[in-house]
Amino acid sequence: MKFVSTRGAAPAIGLSAAIAAGLAPDGGLYVPESLPRFAPREFDGRNDLPVIAAKLLAPFFAGDALAADLPAICAESFAFPAPLRELATPQDFVLELFHGPTAAFKDFGARFLVACLHRIRRETTQPLTILVATSGDTGAAVAAAFHRVQRFRVVILYPDGRVSPRQAHQLGVFGDNVRALRVAGAFDDCQHLVKRALADPALRSQVPLSSANSISLGRLLPQMACYAQASLAHWRAQNTHLNFVVPTGNLGNALACILARTCGLPIGRIALATNSNRTLADFFAGADYAPRASVATLANAMDVGAPSNFERLHWLYPNAAQLRGEFEVHAVDDAAIRATIHKRHACHGDVFCPHTSTAIRTLENLRERGESEPWAVVATAHPAKFDSIVEPLIGAPVPVPPALAELLARPSSAEPLDANYAALRRLLTPRA
Ligand SMILES: *Cc1c(COP(=O)(O)O)cnc(C)c1O
């Protein structure tokens, strides 16, 4: 399989090259030249996540140097489960993607990216520095995945004081080849600094740099596997399609769901839940696509005003009217996030993180409208990561899962950094 740019002005390249490159040279995002088409029964006899992932991703790896390693890459990346749990309310399900080491769905993509990059660079001796700007969850997932992997360094930039206390703690526990920088500024400042460094050829000739942001194919492709496993399990049990509500920021996770459906998996409708960042909601309501600055919300990992994967969605559905007919978007504000967390705990004893709560609220909207089909809400993070928001709303402590407890028990520290490019450059450059 070859990969082409969404902007159509870059040569088609293989998977390894596309993963290593990140952005295409014409500024576009890499997308598969064509999409494979599966019938659900082709997965018969396959139940485990790594096995389903290897089958689903094989066509994307065909002809690439990584193809023979795909089963091993999947085994390393899908080392924890993604259970589909039934809620007390009929036909409501939750797909839990937070059972990895940093308790957010990004663990799957980050581990897959490392498993690929590590092999792509196996002949290279020079270390590669991965620069990551994070609004909370990406940095920890990337740090955990690359921690102590030889020939890689990770530098994380996060907005000081604007991530949850436990997110901040997680970012600072790794040490070794991971540096956490708490930036005096907003997430947009962090992202701006990273973009500037990646666009600085003089710096890059001294310090080989790469990124691990949500446009990476190495993060996008593996996320399809969780949707495949859940929809196949549902198909086998009930012989119907499963619909999904996906909490959405940069559209990576939602796009994986959409791609899995396009590849023939038994997925029905897809609804996108956002927070008060209304770029997608306004576009789907008929306005022109208008990226804008982000606003801070309780669901901080979805504080995105310019969803980076929108360009891929547009590539898949070039006709705006058709695209609008394909999905619906519900924007859920902080008051509704709070009310939903409180109510679901009071009524059913369920505890959701603020991100998942936007999707729960969206499902409630659909049910109020009379939807009776089976729907699965995607739970993108464990609520214990956001204890400072969730615990006051439910009036009880949130039990901490063992992997997260282990991280929180370690000491944590981050280096301060001014939101200033010269300061970052100094810090990245080896002293003479
Ligand atoms: C990153 C993140 C999201 C948003 O995912 P996208 O792929 O950027 O749309 C939602 N919830 C949580 C907990 C996240 O960490």
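Here a trainee and a mentor talk through the ligand site and the cavities of a predicted model.

Trainee: Which residues are closest to the ligand, and what makes a residue count as near?

Mentor: Lys106, Asp137, Gly249, Asn250 and Thr380 are the closest of the 14 residues that surround the ligand. A residue counts as near if one of its heavy atoms lies within 4 Å.

Trainee: What makes the approach of Lys106 to the ligand a polar contact?

Mentor: The cut-off for a pair of N or O atoms is 3.5 Å. A polar side-chain atom of Lys106 lies 2.5 Å from a ligand oxygen, so this pair qualifies. Asp137 passes too, with a side-chain N or O atom 2.6 Å from an oxygen of the ligand. For Asn250 the polar atom belongs to the backbone, and the distance to a ligand oxygen is 2.8 Å. As for cover, the protein takes up 98% of the 380 Å² of accessible area that the ligand has on its own.

Trainee: Good to know! How many cavities of 30 Å³ or more are there?

Mentor: Two. The largest holds about 50 Å³ of space, and the second largest has a volume of about 30 Å³.

Trainee: What makes the lining of the second largest cavity count as mainly nonpolar or mainly charged?

Mentor: Its lining has eight nonpolar residues, no polar ones and one charged. Arg312 is in that lining, and Arg counts as charged. Tyr30, Val31 and Pro32 also line this cavity, and β2 (30-32) gives the most to the lining, with three residues.

Trainee: And the lining of the largest cavity?

Mentor: That one divides into four nonpolar, six polar and no charged residues, with Thr248, Asn275 and Met302 among them.

Technical notes: Residues numbered from 1 in each chain as written. Predicted model: local features only at pLDDT ≥ 70, side-chain atom pairs only at ≥ 80, totals over all residues. Heavy atoms only, no water. Polar contact = N/O pair within 3.5 Å; in protein donor to acceptor, adjacent residues only side chain to side chain. Areas by Shrake-Rupley, 256 points an atom, 1.4 Å probe, with all protein chains shown as cover. 1 Å grid on protein atoms, 1.4 Å probe; cavity = no way out; pocket = protein on both sides within 12 Å on 5 of 7 lines; lining within 4 Å. Points joined across faces, edges and corners; volume = space filled by probe spheres on them. Helix = DSSP H or I, 4+ residues; strand = E, 2+ residues; numbered from the N terminus.
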